[in-house]
Structures are given as structure tokens and as C-alpha cells.
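These exercises concern a helix pair and a ligand site. Work through each task with the structure open, then compare with the solution.

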Amino acid sequence: MAEFTMELNDEQKEVRDWLHGFAADVIRPAAAEWDEREETPWPVIQEAAKVGIYSLDFYAQQYFDPTGLGIPMAMEELFWGDAGIALSIVGTGLAAVGVLANGTEEQIGTWIPQMYGDANDVKVAAFCSSEPDAGSDVASMRTRAVYDEAKDEWVLNGTKTWATNGGIANVHVVVAVVDAELGSKGHASFIVPPNTPGLSQGQKFKKHGIRASHTAEVVLENVRVPGSCLLGGKERLDQRLARARERAKTGGERVKNAAMATFEASRPAVGAMAVGTARAAYEVALDYAKTREQFGRPIIDNQGVAFQLADMRTSIDAARLLVWRASWMAINGKQFTAAEGSMSKLFASETAKKVTAQAVQILGGNGYTREYPVERMHRDAAIYTIFEGTSEIQRLVIARTLSGMSIR
Ligand SMILES: Cc1cc2nc3c(=O)[nH]c(=O)nc-3n(C[C@H](O)[C@H](O)[C@H](O)COP(=O)(O)OP(=O)(O)OC[C@H]3O[C@@H](n4cnc5c(N)ncnc54)[C@H](O)[C@@H]3O)c2cc1C
């Protein structure tokens, strides 16, 4: 087990500086354009693929860093560049984590490479769990997967919504109900391979922020996938369902559902994204406050402004520490006894919302215009308290973990 450390080693610093260079030279200069276009920035993803930032190898290397700091460091730097473009670069990762968390070695080896494609032909992937009537309340999911034993195929029907890369993905990972009586314990994840008939994109959403990231409905109409596309395989699913049925009768050990296994692993990473956006806005505000003069002196020469900057930086550093702690715990197999993953996502996302709002205020009229990036960063930051579990749901998870009670 790696000791918890707040100091990056030389190798990590090298990777961080390399990512920072890409974020500063490639992502940040393209941010305003793709935000206005509200389209997936394919050329930037391709650029990232060429230098090795958009690849399974890169994320696997960061993921298995025993200090746990590889992923949060990468997320912070890329999202410091721009949240919308960075989400287009790392959005595939959520689907990849869905496969890593629930799939067999063979499934991991077959599908994850197809999620990324290669530098000459980049692809993206989508993780589709949310539905119009099943956002926070995952147990209300309606998309059904029915097994056709004669053909060894699963038949999927339903409508997914708010899926990052939904409809434009090469590979979709779809969570569906296989046993409606078991609530969220009766869910399973499926791979929908490229060009499978019956899967189509519904509405593409026009959003408040992260507008360079594609968010859409995914409609599944009699989508047939081979039995081998059930993540984890049929035998493991049958065992898991049998345990869940037993528990429903007797109240035994807890069984994790498929979507939750994905989210637990990814929450600190979302916290790190929020830290990146918050830091970006703070840096712009600090520079601005030092150079903007009113009443014959820089505005930072007023405690009213300087103290805001002090609070912003303090919150950002505190958020990063929570994220790093959760990431270190996760990679070293330490159990989240106080929902530390949720804690890190909650605090970092609320920090990003607050800090970006403060940055707009410090830039005054300029902060409110698209001439300066804090306006975009403020819009972008609002997503962190919503996706992968809203702040209220994180508080619910933390409170339930601390109390051992089913607080509602
Ligand atoms: C840009 C974007 C990208 C997304 N990407 C994906 C993706 O790739 N894949 C995917 O599957 N999903 C994705 N989502 C969906 C996202 O995870 C959901 O929006 C989120 O889980 C919240 O669900 P909801 O929108 O239905 O809100 P609701 O669940 O309807 O919640 C509405 C409000 O009620 C509050 N609330 C609900 N229940 C409780 C409670 N018990 N106690 C207290 N407050 C409560 C919530 O906190 C929230 O403030 C994305 C969403 C967006 C906007």
C-alpha cells in the first residue's frame, strides 16, 4: 500500500506539466469557440489522441498509480483548460469504468479499445443509466432487458436521457432492468456494439454550460445484443440476482447494483474536475484583481476583494485534499467508512460553483461578458453539483453511511 502523500513524485510532476501544457496550448484557446458551437470538438479529441492523452493506456496508467493521484491530477489539469472540451475527452472514461467495474477480462479487452478508436479514427463511448423518470431515483428505471434463451440474445427496450456522447458513441454501455421486483438490485449493464439496429439518438440537449460536450437521449427499440454483451456474464448475474432475492427475503449482505459500482469509482474523479474549473476561475480572478485599478489602486488592495480570493484558494486546496484522500483510499482498497468519495465530490462541486461565482463578481462587468472566460467557467461549474449524483444525493449517501439509517 502506498503511503498517503500530498507531494507529487518527479514522474507525476512530469505528467502534470505535460497535461498542463496541452490544456494551456490546445484546450484553453479552443474553449470559447466550441462553447459557442455547442458541438463535440472532434479535432481537439484527435489532437489529444495523437499525443496520447485520449487513450485507454494513458488512463489505465493513471488509474493504477498506487498513490491514487494519477487520475485526479489528470482531471484537474484537463478541466483547468476547459470543462466542456475536457468532458468530451474524458467522457468515454465513464463507459470504460462501467466495463472495468462490471465486465470480465475478455469484455474489457474487446470493448474498451473500441470505445477510444485510434489517433487516425477517434471514437467515443457513452454510459447510459439516467432516464426521464429515473435520475436520482435509479430504482425507477424502466428500460428492460429480456433474455431470449433460444438465440442467446438480450433484447433491450427503453429511453435513456442526458447521456454524455449518447447517440454519437461507437460503444454504448446501457444499464437496464432484468428483474423489476428487485429495484436497483435487479439492474444489469450491457454493451451495445457499434451500429446495432434499434439504437438511435433522440433529442440533443442545448445546455447552460459544458456546451462542447454532447448530451442526448438514447432510444432503444428492440435492440438485440449477443449474450456475451451482458457485462460480467449470465452466470455471475444469476448468482447476484439469487443473492439479492435471498436478501430481499431474509435481509442478508448488501448487493451492489451495476450503476452504483460505476459511480462509486468515479465520484472523486468528478471532484477533481470541479477543482480544475475552480482553480482556473480563481487564477483569472487573482490576475485581474492585481491589475484592475479603481479609486487609484488595484482592486486587490481592498480587503473585500483580497479576502474573497483568500477564501477561494482555501476552499480549492481543501477540496483537492478531500479528492486526493478519497482517490488514495480507493486505489489502496480502503473502505469508504464515511462515504469519503461522496464527501469529496460534494465539497469540490459546491466549491466550484461558489468560486466561479466569486470570480465573476471580482471581474465586475467584464466577468459577466463572454470576453472573459469566468462567465463560461461559472456556467460550466453548475454541472458538478448535478451529474453523477446531485449534492443532495451525496449528502444522503454521507448521512446514511454515518448514521447507518435509511434517511430519506
Ligand atoms: C450535462 C449532463 C450530463 C450527464 N451525463 C450523464 C451520463 O453520461 N450518463 C447518465 O446516465 N446520466 C447522465 N446525466 C444525468 C445525471 O446524472 C442526472 O441529471 C442526475 O443524476 C440527477 O437526476 P435528475 O436530473 O433526474 O434530477 P432529479 O432526480 O429529478 O432531482 C431534482 C432535484 O431534486 C433533488 N432530489 C431528488 N431526490 C432527492 C432526495 N431523496 N432528497 C433530497 N433531494 C432530492 C435533487 O438533488 C435535485 O436537486 C447527465 C446530466 C447532465 C445534465
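**Exercise 1.** Describe how helix H11 and helix H14 cross in this predicted model.

Solution. Begin with the two axes: those of H11 (residues 340-362) and H14 (residues 391-403) come within 9 Å and cross at roughly 150°. Next, take the hand: the crossing of H11 past H14 is left-handed. Then list the residues in contact. H11 contributes Ser342, Met343, Lys345, Leu346, Ser349 and Glu350, while H14 contributes Ser391, Gln394, Arg395, Val397 and Ile398. Finally, sort the residues of this contact by class: four are nonpolar, four polar and three charged.

**Exercise 2.** Identify the residues that come nearest to the ligand, and find its polar contacts with side chains of serine 130, serine 136 and threonine 390.

Solution. Start from the shell: 19 residues surround the ligand, and Phe127, Ser130, Ser136, Thr390 and Glu392 come nearest. Now go through the atom pairs, using a cut-off of 3.5 Å between N or O atoms.

- A ligand nitrogen atom lies 2.8 Å from an N or O atom of the serine 130 side chain.
- A ligand oxygen atom lies 2.6 Å from an N or O atom of the serine 136 side chain.
- A ligand oxygen atom lies 2.6 Å from an N or O atom of the threonine 390 side chain.

For the cover, the ligand taken alone exposes 970 Å², of which the protein buries 67%.

**Exercise 3.** Which elements give two or more residues to the shell around the ligand, and what is the shell's make-up by class?

Solution. The elements are strand S3 (125-128), strand S5 (153-164) and H14. S5 supplies the largest share, three residues. By class, the shell holds nine nonpolar, seven polar and three charged residues.

Methods
Residues are numbered from 1 along each chain as its sequence is written. This is a predicted model: local features need pLDDT of at least 70, side-chain atom pairs count only at pLDDT 80 or more; totals for chains, interfaces and linings use all residues. Side-chain values use heavy atoms; hydrogens and water are left out. Axes are lines fitted to C-alpha atoms, for helices over the stretch in contact, and angles run from 0 to 180 degrees between N-to-C directions. Helices (H or I, at least four residues) and strands (E, at least two) are DSSP runs, numbered from the N terminus. A crossing is left-handed if the near helix is turned anticlockwise from the far one by less than a right angle, and right-handed if clockwise. Contact means heavy atoms within 4.5 Å. Ala, Val, Leu, Ile, Met, Phe, Trp, Tyr, Cys and Pro count as nonpolar, Asp, Glu, Lys and Arg as charged, and the others, Gly among them, as polar. A residue is near a molecule or strand if one of its heavy atoms lies within 4 Å of it. A polar contact is a pair of N or O atoms within 3.5 Å; within protein, one must be able to donate a hydrogen and the other to accept it, and residues adjacent in sequence count only if both atoms are side-chain atoms. Accessible areas come from the Shrake-Rupley method with a 1.4 Å probe; for residues, only the protein chains shown count as cover.
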